[in-house]
Amino acid sequence: MGHAMDADKRWLAWAVELQSLAQAGLTYGKDGFDLERYARIREISAEILAHMTGLPAEKVTGLFCNETGYQTPKLDTRAAVFQEGKILLVRERDGRWALPGGWCDVNVSVGENTVKEVKEEAGLDVIPWRIIAVQDRAKHNLPVYAYGVCKIFVQCDAAGGQFTPNLETTEARYFPPDQLPPLAEEKNTPAQVALCFEAYRSDTWATHFD
C-alpha cells in the first residue's frame, strides 16, 4: 500500500504541477510575452521549493528547471536477482542496502539498463526476463521527489561474474526474506522487496502496475 501524501506536502505537488505546466508552455508557446510569463512561473515554482526546503535557489533551479520539452517521469530500474531463495542486494557507501539499479540512460532500453546497473554495482552478468512491477514512486517511497519517477522492477537470472569494488557500492550479498539488512528506502522499501519475493515464488506472475 502506498504512502498518502501528507497535507503539509501539498505545496510540493503544487510546485511540481506549476513547473510542469510552465515547461509545457515554454515548449509549445509561440507568443513572446507568453513565453516570458511561463519562464516566470517556472522560476516561482523553483522559488517555492527553495523556500520550503532551505536549499539554495541555484541548486533547486539546476535540479528542477534544467529540462526541455514536454515533461515526463524519469525511469528507475531495479533488478531482482535470486539464488536459492535469497535476493541480491548491494551495500551503498552509507551502509544501507538496495536492489541494484538506477536511472535509465536515454540511449538504452529498460532491459539494457537493468543489465548495465547490475554489472556496475554487483559485478554480475544477468539476463532480465520478467517485469515484476511498474510503480509510481510517489505512491510507494519517501521522501517525495520534486519530479516524477517511474520505478520498474525486473526479475533477472544470474549468468556469471563476481563483485568488484566500485564507486557506488562496497559489497553484494544475497539475503533471505526474513533477514533483510537496513534498506535505502528512498530506492526500495521492505514492501517492494517483499513484492519481488512474491513474484519469485510465482509461476504465473502478472505484472503489478499503478
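So, the protein chain: 5 helices and 8 strands. Those are DSSP runs numbered from the N terminus, H or I of at least four residues for a helix and E of at least two for a strand. Keep in mind that this is a predicted model, where local features need pLDDT of at least 70 and side-chain atom pairs count only at pLDDT 80 or more, while totals for chains, interfaces and linings use all residues. Residues are numbered from 1 along each chain as its sequence is written, and side-chain values use heavy atoms, with hydrogens and water left out.

Walking along from the N terminus, you get α-α-α-β-β-β-β-α-β-β-β-α-β. The C-alpha trace spans about 60 × 35 × 35 Å along its principal axes.

Now contacts, meaning heavy atoms within 4.5 Å. Take the ones between residues at least 6 apart in sequence: 69% of them join residues at least 24 apart.

What about the surface? The chain exposes about 11,800 Å², with 56% of that supplied by carbon and sulfur atoms; the areas come from the Shrake-Rupley method with a 1.4 Å probe, and for residues only the protein chains shown count as cover. Of the 210 residues, 39% are buried. Buried here is under 20% relative accessible area, exposed is over 50%, and partly exposed is in between (1.4 Å probe, protein chains only).

On to the cysteines. How many disulfides does a search of the whole structure find? The count is 0, with a disulfide taken as a pair of cysteine sulfur atoms within 2.5 Å. Why is Cys-104 not in a bond? Because its closest cysteine sulfur, in Cys-150, is 10 Å away, which is too far. Cys-104 is also buried, at 18% relative accessible area. Cys-196 has a similar story: the closest cysteine sulfur belongs to Cys-156, and at 9.9 Å that is too far for a bond. Cys-196 is buried too, with 0% relative accessibility.

Two spots in the backbone to look at on the screen. Between β5 (124-136) and β6 (149-161) there's a loop that holds Pro-143, and the peptide bond leading into Pro-143 from Leu-142 is cis, with omega near 0°. The other spot is Glu-84, in the loop between β1 (74-83) and β2 (86-92). Glu-84 isn't a glycine, yet its phi is positive, about 50°. Is Glu-84 buried or exposed? Exposed, with a relative accessible area of 75%.
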